[in-house]
Structures are given as C-alpha cells and as structure tokens.
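Reader: Could you walk me through this model and tell me what stands behind the labels people put on it?
Author: Gladly, let us have a look together.
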Amino acid sequence: MTTLAIIGAGSGLGAAVARRFGAEGFSVALISRNQGRLDALADELGKDGVYARGFVADVRSPTSIASALEQATEALGPIEVLQYSPLPQKDFMRPVLETMPADLVGPVEFSIYGPVAAVHQVVPGMRFLGENRGTILFVNGGSATTPGRNVTGTSVAFAGQAAYAQLLNEVLGEQGIQVSQLIIPGKIEAGDPDKDPQALAERLWELHTKRDRFRFTVGTD
Ligand SMILES: NC(=O)c1ccc[n+]([C@@H]2O[C@H](COP(=O)([O-])OP(=O)(O)OC[C@H]3O[C@@H](n4cnc5c(N)ncnc54)[C@H](OP(=O)(O)O)[C@@H]3O)[C@@H](O)[C@H]2O)c1
C-alpha cells in the first residue's frame with residue numbers, strides 16, 4: 001500500500017484526485033483545517049472503496065503541516081505522492097495599487113512557506129522509497145504564470161511557488177523524485193472537458209506516472 005497526501009483537500013479537486021489515485025490502490029491522507037469536514041470526506045471516499053483519513057493542518061503554520069504529514073506517515077505509511085493544492089483565500093486577491101506589505105504576508109505564508117515545510121517533511125521518505133517513485137505535485141491558478149492586476153497576492157506568491165517548484169524539479173529530478181505543476185487558468189468547472197475535477201485528476205495522475213514534464217497548463221497544452 002502506498003500513500004498520497006493532499007494538502008488542501010476539499011470536495012472539489014481534492015476529492016477527485018483522491019478517487020483517481022485511490023482507484024490505483026493508494027491510501028489517501030486528506031489535510032485541511034477542519035476535522036469534521038475531513039472525516040465527512042473520508043467517509044464519502046470510503047463508500048467508493050478509497051481508504052482515506054483526515055489530518056488537520058493550516059498551511060499558514062509550517063509546524064502544523066509538518067505534524068500532519070508526520071501523523072499521516074505513521075498512520076498510512078510513507079508518502080509517495082504529495083499534492084499541494086489549498087484553495088487561496090479571497091482576500092489575497094486585491095488590486096495591485098491597493099496591496100500593502102501586510103497584504104502579502106498571508107499569500108507568502110500560504111504559497112511559499114507552506115510548500116517549503118511540506119517538501120522538507122516528505123522528501124526523506126520519498127528517497128527511502130527509491131528512485132522513480134516519489135512525486136510532488138503543485139496546483140495553481142493561471143496567475144502563477146500570468147500575473148493578474150486584480151489578484152496581486154496570488155500573482156506574487158504563486159510566482160514564488162512556481163520558481164521554488166521549478167528549482168525542485170531540477171534538483172529532486174536528479175534524485176528520481178518527480179516535481180510537476182498543474183496550472184488551471186480560470187475556474188474549475190464541472191462538466192468542462194478540460195477543467196472538470198475528474199479531467200484535472202487524470203492530468204495529475206499522468207504527471208505522476210509519465211514523469212516527463214514539469215508544467216502542464218490546462219487548455220493550452
Ligand atoms: N476552484 C477553482 O476554480 C480553481 C481555479 C484555478 C485553480 N484552482 C486550484 O485548485 C486547487 C483547489 O481545488 P478546489 O478549488 O477544487 O478545492 P478543493 O480541493 O475542493 O478544496 C481545497 C481545500 O483547501 C483547504 N484550505 C484552504 N485554506 C487552507 C489552509 N490555510 N490550510 C489548509 N487547508 C486549506 C480548504 O479546506 P478548509 O477550509 O476546511 O481548510 C478547501 O476545502 C488549488 O490549488 C487552487 O489554486 C482552483
């Protein structure tokens with residue numbers, strides 16, 4: 001049995017990815033801020049034959065991320081795939097000239113410190129699993145690559161996350177750990193051929209299994 005950890009696991013993309021990897025035999029660690037919601041999602045996935053457990057963390061607290069991932073590893077076994085995909089807060093998205101230093105604290109904690117904490121927690125276990133097993137997947141909106149004048153916090157912080165992910169892709173790639181980024185311009189839309197959560201989950205599965213590219217931008221690739 002092998003484990004997928006989803007940091008920022010909700011009923012949209014998180015659930016779809018849990019189902020996709022669960023269908024391949026992964027057990028799933030669901031990580032977000034509310035134990036009740038996590039337990040409800042784990043129950044729902046259980047009815048579909050996916051073994052999932054919820055672990056509480058706030059991605060703006062690096063220690064809570066480390067602790068949730070440690071508990072998940074103890075309960076479910078070494079994490080083979082890490083997905084970092086919490087949904088950013090609406091108040092991160094302010095027009096550029098209305099954005100003050102204090103407005104960037106949240107986005108940077110959320111999109112840069114959180115990923116760094118998560119990566120440091122899982123990489124030793126991925127090395128232990130051996131080459132060409134471990135994968136780290138980042139999921140972002142379009143502002144990660146095309147900054148938007150009215151979504152300054154995510155534009156600035158996603159760009160930092162994208163740079164971090166690209167550096168990891170180079171360095172961890174040399175150690176047989178795949179690092180990839182899925183960019184979703186616009187909204188996730190049920191029923192859309194490219195942007196339905198199930199279609200996006202399939203893309204993430206392909207990034208993990210094919211291990212041949214850093215970035216996939218939905219709708220343009
Ligand atoms: N939804 C869209 O239209 C859209 C568009 C483009 C890109 N994306 C990307 O898709 C991913 C999200 O997919 P989704 O929208 O379908 O969401 P989802 O997987 O249904 O849920 C994401 C979860 O993130 C959790 N979260 C938010 N803030 C958090 C925090 N500080 N700490 C821990 N967990 C936190 C929330 O749970 P709690 O509130 O219970 O903590 C939420 O349930 C993100 O990577 C996002 O950038 C989404």
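What follows is a conversation about the sheet, the helices and a few single residues of this predicted model.

Reader: How do you know that the strands belong to one open sheet, and in which order do they stand?
Author: Seven strands form the sheet in the order 3-2-1-4-5-6-7, and the pairing is parallel. Strand 3 and strand 7 stand at the edges, each with a single partner strand, so one side of each has no neighbour in the sheet. Direction ignored, neighbouring strands are turned by 20° against each other on average.

Reader: What makes strand 2 and strand 3 a pair?
Author: The cut-off for a pair is at least two bridges. Strand 2 (residues 26–32) and strand 3 (residues 52–56) are joined by five bridges and run parallel, so they pass that cut-off. One place to look is isoleucine 31, whose bridge partner in strand 3 is phenylalanine 55.

Reader: And what makes strand 1 a partner of strand 2?
Author: The reasoning is alike: six bridges join strand 1 to strand 2, again in parallel, and pairing asks for at least two. Here isoleucine 7 stands opposite isoleucine 31 in strand 2. On the way from strand 1 to strand 2 the chain passes through helix 1, and this β-α-β crossover is right-handed.

Reader: Which other right-handed unit does strand 2 take part in?
Author: Strand 2, helix 2 (residues 35–47) and strand 3 make a right-handed β-α-β unit. The label "right-handed" is used because the path from the first strand over the helix to the second runs clockwise when the strands point away from the viewer.

Reader: How many bridges join strand 6 to strand 7?
Author: Strand 6 (residues 178–184) and strand 7 pair in the parallel sense over three bridges, and the cut-off is at least two. In strand 7, threonine 217 is the bridge partner of isoleucine 183.

Reader: Which strands does helix 5 touch?
Author: Helix 5 packs on the sheet and touches strand 4, strand 5, strand 6 and strand 7; its direction makes about 160° with that of strand 5. As for helix 1 (residues 13–22), it lies across strand 1 (2–7), strand 2, strand 4 (79–84), strand 5 and strand 6, and runs at about 170° to strand 1.

Reader: Why are helix 4 and helix 5 called roughly parallel?
Author: The axes of helix 4 (residues 105–129) and helix 5 (residues 152–173) cross at roughly 20° and come within 7 Å. Angles under 35 degrees count as roughly parallel, and therefore this label fits helix 4 and helix 5.

Reader: Which residues of helix 4 and helix 5 meet?
Author: From helix 4, the residues include Pro107, Ile112, Val116 and Val123, and from helix 5 they include Ala157, Phe158, Tyr164 and Leu172. By class, this contact has 12 nonpolar, five polar and no charged residues.

Reader: What makes strand 2 a covered strand?
Author: Seven of its seven residues are buried. Phe26, Val28, Leu30 and Ser32 point one way from strand 2, while Ser27, Ala29 and Ile31 point the other way, and all are buried.

Reader: Is leucine 38 buried or exposed?
Author: Leucine 38, in helix 2, has 1% relative accessibility. Buried means under 20%, so leucine 38 counts as buried. Leaving aside residues up to four places away in sequence, leucine 38 touches Ala9, Leu30, Ile31, Ser32, Gly54, Phe55 and Val56. Leucine 38 and alanine 9 are 29 residues apart in sequence, with 7.8 Å between their C-alpha atoms.

Reader: Why is asparagine 132 called exposed?
Author: The relative accessible area of asparagine 132 is 54%, and exposed means over 50%, so the label holds. Asparagine 132 sits in the loop between helix 4 and strand 5 (135–141). Its phi is near 60°, a positive value in a residue other than glycine.

Reader: Where is arginine 211?
Author: Arginine 211 lies in the loop between helix 6 (197–210) and strand 7 (215–217). Arginine 211 has a positive phi of about 60°, although it is not a glycine.

Reader: What makes glycine 130 partly exposed?
Author: Glycine 130 is in the loop between helix 4 and strand 5, and its relative accessibility is 26%. Buried is under 20% and exposed over 50%, with partly exposed in between, so glycine 130 counts as partly exposed. The C-alpha atoms of glycine 130 and isoleucine 177 are separated by 8.7 Å, while the two residues are 47 residues apart along the chain.

Conventions
Residues numbered from 1 in each chain as written. Predicted model: local features only at pLDDT ≥ 70, side-chain atom pairs only at ≥ 80, totals over all residues. Heavy atoms only, no water. Axes fitted to C-alpha atoms, helices over the stretch in contact; angles between N-to-C directions. Helix = DSSP H or I, 4+ residues; strand = E, 2+ residues; numbered from the N terminus. Parallel < 35°, antiparallel > 145°, perpendicular 65-115°, else oblique. Contact = heavy atoms within 4.5 Å. Nonpolar A, V, L, I, M, F, W, Y, C, P; charged D, E, K, R; others polar. Buried < 20%, exposed > 50% of the residue type's maximum accessible area, 1.4 Å probe, protein only.
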